[in-house]
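Biologist: I've got this chain open and a few labels to quiz you about. Mind walking me through how each one is earned?

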Amino acid sequence: LPALTYINEKYNENITLSDASSLLGFEESYFCRIFKSAVGATFTEYLNFVRICKAEKMLARSRDSILDISAAVGFSSVSYFNRIFKRYKNCSPRYYRTAKYCKNM
């Protein structure tokens with residue numbers, strides 16, 4: 001699916017449903033239906049999933065601040081990043097980093 005490639009390449013930018021649907025030449029509502037049926041998640045859910053996966057790697061491998069990591073993976077608000085991270089990982093980014101760091105020692 002070209003939309004998945006688009007998300008995986010542009011996840012750190014301010015991409016929107018409108019951008020993705022325009023890329024494929026579909027109306028937004030039609031794009032939403034085919035995306036959800038193909039992927040099993042909405043456009044926003046999948047975009048957030050990709051961003052959180054990238055953030056996980058950065059939290060485990062770098063000493064960048066959580067604010068910097070949230071911006072680097074495309075979140076415009078660190079509080080929204082924290083909320084979405086907790087939804088996907090059941091812990092805060094700070095706790096995740098601490099747990100990963102302790103495991104790696």
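**Earning the labels**

Modeller: Sure. Start with proline 93: leaving aside residues up to four places away in sequence, it touches Leu59, Ile66, Phe81, Asn82 and Phe85. Keep in mind that this is a predicted model.

Biologist: What makes those touches count as contacts?

Modeller: Heavy atoms within 4.5 Å make a contact, and proline 93 meets that with each of Leu59, Ile66, Phe81, Asn82 and Phe85.

Biologist: Why is proline 93 called buried?

Modeller: Its relative accessible area is 1%. Buried means under 20%, so proline 93 gets the label. Proline 93 lies in helix α7, and its C-alpha atom is separated by 12 Å from that of lysine 54, 39 residues away along the chain.

Biologist: How far do you trust helix α7, going by its mean confidence?

Modeller: Helix α7 (residues 93-104) has the lowest confidence in the chain, a mean of 79, while helix α5 (residues 66-72) has the highest, at 98. Overall the average pLDDT is 93, and 95% of the residues score at least 70. Where pLDDT is low, one shouldn't read the predicted coordinates in detail.

Biologist: What makes lysine 89 and glutamate 56 a salt bridge?

Modeller: The N to O distance between their side chains is 3.3 Å. The cut-off is within 4 Å, from a side-chain nitrogen of Lys or Arg to a carboxyl oxygen of Asp or Glu, so this pair qualifies. By that rule the count comes to one salt bridge.

Biologist: How do you know that the pair links distant parts of the chain?

Modeller: Lysine 89 sits in helix α6 (residues 78-89) and glutamate 56 in helix α4 (residues 43-61), 33 residues apart.

Biologist: Why is glutamate 56 called buried, and why is lysine 89 called partly exposed?

Modeller: Glutamate 56 has a relative accessible area of 16%, under the 20% cut-off, so it is buried. Lysine 89 comes in at 28%; partly exposed is the range between under 20% and over 50%, so that label fits lysine 89.

Biologist: And for the chain as a whole, how much is buried?

Modeller: Of its 105 residues, 31% count as buried.

Biologist: Which secondary structure does the chain have?

Modeller: Seven helices and zero strands. The C-alpha trace spans about 50 × 20 × 20 Å along its principal axes. Among contacts with a separation of 6 or more, residues 24 or more positions apart account for 53%.

How values were computed: Residues numbered from 1 in each chain as written. Predicted model: local features only at pLDDT ≥ 70, side-chain atom pairs only at ≥ 80, totals over all residues. Heavy atoms only, no water. Helix = DSSP H or I, 4+ residues; strand = E, 2+ residues; numbered from the N terminus. Buried < 20%, exposed > 50% of the residue type's maximum accessible area, 1.4 Å probe, protein only. pLDDT = per-residue confidence, 0-100.
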